[in-house]
Amino acid sequence: MKLNASPAFGSKAFLRAASGAMLALALLFSCDNTFGVFSEIQTEVRQVGTDQFKNATVRMLGEDGSNYYAAMAKVFKKAKAGGSWAVLSIGSASPSSSYFSLGFAVDQGTGTLYAAPGDLATSSLLEIVSSSDSGSTWTALVSTALQAGSGGSNTLAGLFFAGSTLFAQVQVKSTLKYSLFHYDSVASAFAAVGGLADLDSPVHALVHDGTQFWAATSAKLYKGAGAAALAEDALSGSPSGAETIRGLAILSDGDLAATTNDGQIYTHDFGTAAWSAVEVNDGVRLGAAVEVPVDPSNLAAGRRIIIGKHDAGYGYYEWNASASPPSYLLGNAGTALYSQPSSNYTTTVYGKPIQSLYFSDSEDTIFACLAAQGTDGYALYSNRFASGAWSGWTAE
């Protein structure tokens, strides 16, 4: 019995088969690959990032005039001008890379860095420090109020910087309640923030709209003209007390945007102090948000809000408020801004939860900070606008 019998060499059947094969090859290599999977493969960015960001969780990203900073279990630093990521040494006496990062924040106005290194073995706070020279030297801030008690009854649970004020959050070990403190630059010490003590859930976002501070827990929004005291926002239409609040962002016009667990964006109008709500996608859990320009070289082209999401998958929406009616785009939609071709979105930032989003106005670059989520791949991606186009997501 013959298997896979072939026509004899030189026979008419052989010549017909050979001609057909050559025609198929000619069609394959001459076809227009402007669209479809071949185009996506041809234009895909090779995703080979820094090993430190592989199977990791990046909590936030910040910058000063010369460098980027990414906060994970340690803080990493990279020069904007062609640098590579490396651990940032922290400490007032002798800066060291032997620490666990309990918190990190950047004053974008002055470039001052704030860090909270913890003991590697116990994760207890070692000190709160600041640096005005990109981390070359550090100055200790008085932080006894944060540690409290002879053995330290509090655990530091993060740093925030908003307006011109540094904030620190602590959790009481015995009660598991959270309290917020602000750094009083006149007294050179941390002091409690009135109205934000003994909270059942932590403050996860804190911003300043130019007039007042806004702090969000999962259940409530708080506001205040000064850092010393904030009160629950009880205005009509506010998400406070009625929604699970996931993220806060200050928009270019000074308005505040709050994302929620059921697919809503609540907007606080800076001019009228009124709240309004719009549905992005009903029932979808929205998260971190940041506003970015469609075309940084032409701001008249408008802006979009990028919003982390969690429904059947992760990734983000682009919220186009200028459309009529306003609408959302999936990150791999045909008219999405930041992830062409679409495979660039699905193979990079789609598979993991977005922890935070950051836009560098000076570098026209957006960053997505991701959680490991037990999946192989990187946790920090960037997308830069250059030569009139967005580059596509690239692993840092």
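Are phenylalanine 167 and phenylalanine 213 buried or exposed? Both of them are buried, and you will meet this pair again in one of the close-ups below. Please keep in mind throughout that this is a predicted model.

**View 1. The whole protein sets the scene for the close-ups.**
Welcome to the overall view, where the secondary structure comes to four helices and 29 strands. Of the 396 residues in the protein, 47% are buried. The exposed surface is about 18,400 Å², and carbon and sulfur atoms supply 54% of it. Among contacts between residues at least 6 apart in sequence, 41% join residues at least 24 apart.

**View 2. The largest nonpolar core has 35 residues.**
Leu61 and Leu380 are the residues with the most contacts inside this core. Five elements are listed as giving two or more residues to the core: β2 (67–71), β21 (285–293), β25 (354–360), β26 (365–370) and β27 (380–386). Strand β26 gives the most, with five residues. Leaving aside residues up to four places away in sequence, leucine 380 touches a good number of partners, including Phe53, Val58, Leu61, Ala70 and Trp85. Leucine 380 also touches Phe367, Ala368 and Cys369, as well as Thr394, Ala395 and Glu396. If you look elsewhere in the model, you can find a second, separate core of 17 residues, with Ala105, Ile128, Leu146 and Phe161 among them.

**View 3. Strands β5, β6, β7 and β8 form an open sheet.**
The four strands follow one another in the order β5-β6-β7-β8, with antiparallel pairing. At the edges are β5 (100–106) and β8 (139–141), each of which pairs on one side only. On average, and with direction ignored, neighbouring strands of this sheet are turned by 30° against each other. Looking at one pairing in detail, three bridges join β7 (residues 128–131) to β8, and the two strands run antiparallel. Here valine 129 has alanine 140, in β8, as its bridge partner.

**View 4. Serine 134 sits in the loop between β7 and β8.**
This residue is worth a second look, as its phi is near 60°, a positive value in a residue other than glycine. With a relative accessible area of 18%, serine 134 is buried, since the cut-off for that label is under 20%.

**View 5. Tyrosine 68 and phenylalanine 367 form one of the 14 aromatic pairs.**
Their ring centres are 4.8 Å apart and the planes stand at 65°, so the pair is edge-to-face. Tyrosine 68 belongs to strand β2 and phenylalanine 367 to strand β26, so that the pair links distant parts of the chain, 299 residues apart. Tyrosine 68 and phenylalanine 367 are both buried.

**View 6. Phenylalanine 167 and phenylalanine 213 form an edge-to-face pair.**
Here is the pair from the opening question. The ring centres lie 5.4 Å apart with the planes at 75°, and the pair counts as edge-to-face because that angle is over 60 degrees. Phenylalanine 167 comes from strand β10 (residues 165–172) and phenylalanine 213 from strand β14 (residues 213–216), so parts 46 residues apart in sequence are tied together.

**View 7. Four aromatic residues are linked into a cluster.**
The members joined by ring pairs are Tyr316, Tyr345, Tyr350 and Trp393.

**View 8. Histidine 310 is found in strand β22 (residues 303–310).**
Its relative accessible area is 29%, so histidine 310 is partly exposed. Not counting residues up to four places away in sequence, histidine 310 touches Val284 and Arg285. The C-alpha atoms of histidine 310 and valine 284 are 6.3 Å apart, while the two residues are separated by 26 residues along the chain.

**View 9. A cis peptide bond joins serine 324 and proline 325.**
Omega for this bond is about -5°. To find proline 325, look in the loop between β23 (316–320) and β24 (327–330).

**View 10. Serine 387 lies in the loop between β27 and β28 (389–390).**
The phi of serine 387 is near 55°, again a positive value in a residue other than glycine. Serine 387 has 84% relative accessibility and therefore counts as exposed.

Conventions. Residues are numbered from 1 along each chain as its sequence is written. This is a predicted model: local features need pLDDT of at least 70, side-chain atom pairs count only at pLDDT 80 or more; totals for chains, interfaces and linings use all residues. Side-chain values use heavy atoms; hydrogens and water are left out. A nonpolar core is a set of buried Ala, Val, Leu, Ile, Met, Phe, Trp, Tyr and Cys residues joined through side-chain atoms within 4.5 Å. Buried means under 20% relative accessible area, exposed over 50%, partly exposed in between (1.4 Å probe, protein chains only). Contact means heavy atoms within 4.5 Å. Accessible areas come from the Shrake-Rupley method with a 1.4 Å probe; for residues, only the protein chains shown count as cover. Two strands pair if DSSP finds at least two bridges between them. Axes are lines fitted to C-alpha atoms, for helices over the stretch in contact, and angles run from 0 to 180 degrees between N-to-C directions. Rings of Phe, Tyr and Trp (its six-membered ring) pair if their centres lie within 6.5 Å; planes under 30 degrees apart count as stacked, over 60 as edge-to-face and the rest as tilted.
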